[in-house]
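User: I am learning how terms for helix packing and pockets are applied to a model. Could you take me through the reasoning behind them?

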Amino acid sequence: MAITKIADLINPQVMADMISAKIEKKIVVTPFAKIDTTLQGRPGDTITVPKYAYIGDAGEVAEGESVDPTKLTASTTTATVKKVMKAVTLTDEAVLSDYGNTVGESTNQLAMSVAAKIDEDAMTALQGATLSKTLDDVISYDGIVDAIDVFEEETNTAKVIFVHPKQVTQLRHDPNFISADKYTGDVIMSGEIGQIANARVVPSKKVPVKSNKYINPIVKLNQEDETEDEATAITIYIKRDTNVEDERHTLNRTTDISVDKIYTAVLSNASKVVLAKFATTAPATGA
């Protein structure tokens with residue numbers, strides 16, 4: 001008679017692939033981020049990220065004349081990769097039980113945990129943007145338009161705005177809000193609930209609150225006609241991708257399953273982010 005062993009039910013290699021796939025589906029803040037794997041297999045844990053300044057618009061040059069070259073300048077910032085981990089302990093009874101799917105649920109929970117941490121780090125990176133707009137009222141179409149205009153765009157481009165779940169009701173009541181169910185099939189962001197002012201609306205509890213203000217990042221998305229060299233707002237540098245290990249404890253018949261990921265999230269193009277600072281409550285009106 002074939003005997004089912006715990007090792008047959010817990011396969012770290014299979015779980016690693018499953019968790020990696022689930023992480024991509026569960027992350028909210030970073031679907032538009034560039035994933036950079038050049039650090040894999042290389043020594044060191046600190047990277048230097050360049051930030052280039054715009055060289056200015058082109059000018060007219062008369063026939064036979066030479067153009068004066070403009071020096072390309074860049075500032076740099078450093079970032080250190082870090083390891084994030086989460087682990088669960090499973091008893092043999094739980095794994096072998098006919099009720100529920102203990103291993104599958106563990107895979108799902110571990111993926112959710114890592115995805116939440118990536119979201120948190122990406123949101124923290126977005127908060128380093130230099131462009132911002134402080135609004136006196138709660139979130140609204142007019143306020144979002146005012147914040148978007150900080151980009152000083154000549155051509156309107158697609159964007160995403162991250163809002164706190166407590167702001168969602170205010171947006172849904174705004175007559176300019178378009179619910180995602182009105183444009184089925186055109187949802188491009190994980191967690192997207194609608195659009196307003198040509199910005200995809202994505203709720204996230206990672207949106208911070210400071211001094212009675214929600215700090216809502218508005219991020220310009222890369223356009224289809226832009227080259228691969230166009231820097232995205234966020235870059236995630238991966239030193240080691242999702243890694244799953246298990247450890248057997250024979251004395252109490254339990255198995256530890258741990259997952260880790262070594263990476264860092266960096267604001268790589270500050271010009272693509274505006275921080276819209278909306279009031280948490282509407283200002284009081286006079287009697």
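Analyst: In this predicted model, helix 2 packs against helix 4 (residues 102–126) at an angle of about 50°, and their axes are 8 Å apart.

User: What makes helix 2 oblique to helix 4?

Analyst: Angles under 35 degrees count as roughly parallel and those from 65 to 115 as roughly perpendicular. The angle here is about 50°, which fits neither range, and therefore helix 2 is called oblique to helix 4. The crossing of helix 2 past helix 4 is right-handed.

User: How do you know which residues of helix 2 meet helix 4?

Analyst: Contact means heavy atoms within 4.5 Å, and by that criterion Met15, Met18, Ile19, Lys22, Ile23 and Lys26 in helix 2 meet residues of helix 4, including Val103, Leu110, Ile118 and Asp119. Sorted by class, this contact has 11 nonpolar, 2 polar and 3 charged residues.

User: Which residues lie nearest the centre of the second largest pocket?

Analyst: They are Glu24, Ile27, Ile35, Ile238 and Lys261, out of 15 lining residues, and the pocket has a volume of about 250 Å³. Helix 2 (12–26), strand 12 (234–249) and strand 13 (254–267) each give two or more residues to this lining, with strand 12 giving the most, 4 residues.

User: How many of the lining residues are nonpolar?

Analyst: The lining has 9 nonpolar residues, alongside 3 polar and 3 charged ones.

Note on methods. Residues are numbered from 1 along each chain as its sequence is written. This is a predicted model: local features need pLDDT of at least 70, side-chain atom pairs count only at pLDDT 80 or more; totals for chains, interfaces and linings use all residues. Side-chain values use heavy atoms; hydrogens and water are left out. On a 1 Å grid over the protein atoms alone, a cavity is a set of points where a 1.4 Å probe fits but cannot get out, and a pocket is an open set with protein on both sides within 12 Å along at least five of seven lines; lining residues have an atom within 4 Å of a point. Grid points are joined across faces, edges and corners, and a volume is the space filled by probe spheres set on the points. Ala, Val, Leu, Ile, Met, Phe, Trp, Tyr, Cys and Pro count as nonpolar, Asp, Glu, Lys and Arg as charged, and the others, Gly among them, as polar. Axes are lines fitted to C-alpha atoms, for helices over the stretch in contact, and angles run from 0 to 180 degrees between N-to-C directions. Angles under 35 degrees count as roughly parallel, over 145 as roughly antiparallel, 65 to 115 as roughly perpendicular and the rest as oblique. A crossing is left-handed if the near helix is turned anticlockwise from the far one by less than a right angle, and right-handed if clockwise.
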